[in-house]
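Student: Hi, have you got a minute to go through a structure with me? I'd like to see it before we talk.
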Amino acid sequence: MIHKTQTIDRRTRKRAQKTAEILSVAQSILEGGGSDALTMPELAAELDCAVGGIYLYFTNKEALITALQIQAIASFAERLDVSMQQCPTGLERVK
């Protein structure tokens, strides 16, 4: 018997995986051709899915780009935290 919480966890996990896949492919398109190259039809083609499927995860291109920006900021903040932990003093951080 499958409990309701297991179903929710599986759905949440699958949604997070699909969101990460969309963001990864979108990032690749941006790196290869810039923001003009990133279109929902191009993204759908790269993901081998319908354009409407992407809209289940992101309401529009701007929301997708915002998610990419948030992801980039979070990644930068994480790297900065690690870097700051490796330098014990303020002077070492400046160096």
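Student: Let's start with L80: which helix is it found in?
Tutor: L80 sits in helix 4. Keep in mind that this is a predicted model.
Student: And does L80 count as buried, partly exposed or exposed?
Tutor: L80 counts as partly exposed, because its relative accessibility is 39%, and the partly exposed class lies between 20% and 50%.
Student: Which residues form a nonpolar patch on the surface with L80?
Tutor: F76 and M84 join L80 in that patch, and together the three have about 270 Å² of accessible area.
Student: OK, zooming out. What does the secondary structure of the chain come to?
Tutor: There are five helices and zero strands, so to speak an α-α-α-α-α run from the N terminus on.
Student: How much of the chain is buried?
Tutor: Of the 95 residues, 17% are buried. The accessible surface of the chain is about 7100 Å², and carbon and sulfur atoms hold 56% of that.
Student: Now the inside. Which residues touch the most other members of the largest nonpolar core?
Tutor: That would be L43 and L64, in a core of 15 residues. Helix 1 (4–33), helix 2 (40–47) and helix 4 (61–86) each give two or more residues to this core, and helix 1 provides the largest share, five residues.
Student: What is L64 in contact with, leaving aside neighbours within four places in sequence?
Tutor: L64 contacts I22, L23, A26, L38, M40, L43 and F58.
Student: Last one: what share of the contacts with a separation of 6 or more comes from residues 24 or more positions apart?
Tutor: Those pairs account for 44%.

How values were computed. Residues numbered from 1 in each chain as written. Predicted model: local features only at pLDDT ≥ 70, side-chain atom pairs only at ≥ 80, totals over all residues. Heavy atoms only, no water. Core = buried A, V, L, I, M, F, W, Y, C linked by side-chain atoms within 4.5 Å. Buried < 20%, exposed > 50% of the residue type's maximum accessible area, 1.4 Å probe, protein only. Helix = DSSP H or I, 4+ residues; strand = E, 2+ residues; numbered from the N terminus. Contact = heavy atoms within 4.5 Å. Areas by Shrake-Rupley, 256 points an atom, 1.4 Å probe, with all protein chains shown as cover. Patch = residues over 30% accessible without salt bridge, like charges linked within 9 Å, V, L, I, M, F, W, Y side chains within 5 Å. Salt bridge = Lys/Arg side-chain N within 4 Å of Asp/Glu carboxyl O.
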